[in-house]
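Student: I am new to this structure and would like to learn how to read its features one at a time. Could you take me through them slowly?

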Amino acid sequence: MSSPLKDRIIKSIKAEGPMNVAAYMATCLMDPVNGFYATRDPLGSEGDFITAPEISQMFGEMLGLWCIQTWRDLGSPDSFNLIELGPGRGVMMLDILRAARIDKDFLRAAEIHLLEASPALQAVQAKTLSASPSRIIWADKLEDIPQQPTILLANEFLDCLPIRQFVGKDGKWHERLVAIHPENETELIFALSPLPYEHDEIAHFGRANEGELAEFCPSYAQIINEIRMRLWLYPGRALLIDYGPEKFETGDTLQAIAKHQKVDPLLAPGEADITARVDFSHLLHLARKEGLTAHGPQPQVIMLSELGIEQRAKMLAKTQADKGNSQAGDKIARQLSRLTAPEEMGQLFKAISLQSKTLLPPPGFSFHRKDLTDRQA
Ligand code: SAH
């Protein structure tokens, strides 16, 4: 199968040699001409995949409550940044701002900054949020956003960050590369770098067992560093939600999805979403090393329950029933189950929260043993 981007990738490999998985992933997602995100809006039931805020307004509403409580924990500053990384269609921010109407002072103080690499999605966000009473500002880089107290959110952003993959061979880790198929010049295959990769940044992989695969996301360190700089100068708190295991695990988690189906990640670059599991334990390690207080990973079901999603679902169903909409209750119950059931998103999706020292533990994280460890520290 061919795609315009595949032809260009093949040309580039012919000229410059095989590329690593991170370069391949970055090109597939964000190539300005043929990249998956750069050129289209892939979200929602009509698109290629669906995310929590797209499943139900309750998700963003719960985060709205999280933001209001956080703002109060920060001392209710007169002005603060409400930053979202990778806002997709802007639906989560819309629901946050609607839920936040219960606190007009919060809304007055909020300066909304969206960090979005895709021009196509920026346009969708502008439309979704066009009626917002708060000013919305798009930023290219986190460091461009003014220094003041900050609340930072990201849902399914970290899983799009390009990963590098390494395979154990003769007791050493070798980088996995994307190369041209030796018998078919129009197809791509995975290959291994002949040279071992011996750097501290993958020291946490441990022993290189033959054929074992381990992944590492080089952007984590930069993101954690930028969050740290911000939360050191002014108080602030971040909430990062994504899918991944609680502890570091080896294994190939590169996953391509098009039209809600899993596809081969090398088959049609630019036509499918490519993501990888988030390594929460590495993110927490980096955050603590930088002096941030970190909580989690907290399963999505526990966080949303603590924020009151069951009560919200009941209220929504009742409001709809009072309006004569008898079907709405079932629909809301199904949405609640998709967000929270352990076999759906409840357990695989997790949240971590990073914050300045001296703040109370974040809302939604009280029922977690890591809280205890952190508070004793
Ligand atoms: N948060 C949304 C969208 C998730 S999809 C939701 O939950 O529905 C991932 C989002 O991150 C998209 O908006 C994508 O364009 C954006 N994105 C991916 N890589 C990015 C990068 N390096 N910088 C900024 N935005 C990025």
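Tutor: Let us begin with a sheet, keeping in mind that this is a predicted model. Strands of a sheet pair through backbone hydrogen bonds, either parallel or antiparallel. Here, three strands form an open sheet in the order β12-β11-β13, and their pairing is antiparallel.

Student: Which strands are the edge strands?

Tutor: The edge strands are β12, covering 261-263, and β13, covering 273-275, each of which pairs on one side only. From one strand to the next, the twist averages 40°.

Student: How many bridges join β11 and β13?

Tutor: Strand β11, which holds residues 255-258, pairs with β13 over three bridges in the antiparallel sense. To find one of these on the model, look at Ala256, whose bridge partner in β13 is Ile274.

Student: What is found in the loop between β11 and β12?

Tutor: That loop between β11 and β12 includes Lys259, a residue other than glycine whose phi is nevertheless positive, near 50°.

Student: Where is there a cis peptide bond?

Tutor: The bond that joins Gly296 and Pro297 is cis, with omega about 0°, and Pro297 has its place in strand β14, which runs over residues 293-299.

Student: Let us turn to helices. At what angle do the axes of α12 and α13 cross?

Tutor: The axes of helix α12 (residues 309-322) and helix α13 (residues 328-340) cross at roughly 160° and come within 9 Å. Because angles over 145 degrees count as roughly antiparallel, α12 is roughly antiparallel to α13. The crossing of α12 and α13 is right-handed.

Student: Which residues make the contact between these two helices?

Tutor: From α12 come Ile309, Glu310, Ala313, Leu316, Ala317 and Gln320, while α13 supplies Ala328, Gly329, Ile332, Leu336, Leu339 and Thr340. Sorted by class, the contact of α12 with α13 holds eight nonpolar residues, three polar residues and one charged residue.

Student: What does the domain assignment give for the protein?

Tutor: The assignment gives domain 1 as 4-37 + 163-214, and domain 2 as 52-161 + 217-244 + 279-307 + 350-375, so that each is written as separate stretches of the chain. The contact between domain 1 and domain 2 takes seven residues from domain 1 and 11 residues from domain 2.

Student: What separates the centres of the two domains?

Tutor: Taken over C-alpha atoms, the centres of domain 1 and domain 2 are separated by 31 Å.

Notes
Residues numbered from 1 in each chain as written. Predicted model: local features only at pLDDT ≥ 70, side-chain atom pairs only at ≥ 80, totals over all residues. Heavy atoms only, no water. Pairing = 2+ DSSP bridges. Helix = DSSP H or I, 4+ residues; strand = E, 2+ residues; numbered from the N terminus. Axes fitted to C-alpha atoms, helices over the stretch in contact; angles between N-to-C directions. Parallel < 35°, antiparallel > 145°, perpendicular 65-115°, else oblique. Left-handed = near helix turned anticlockwise from the far one by under 90°. Contact = heavy atoms within 4.5 Å. Nonpolar A, V, L, I, M, F, W, Y, C, P; charged D, E, K, R; others polar.
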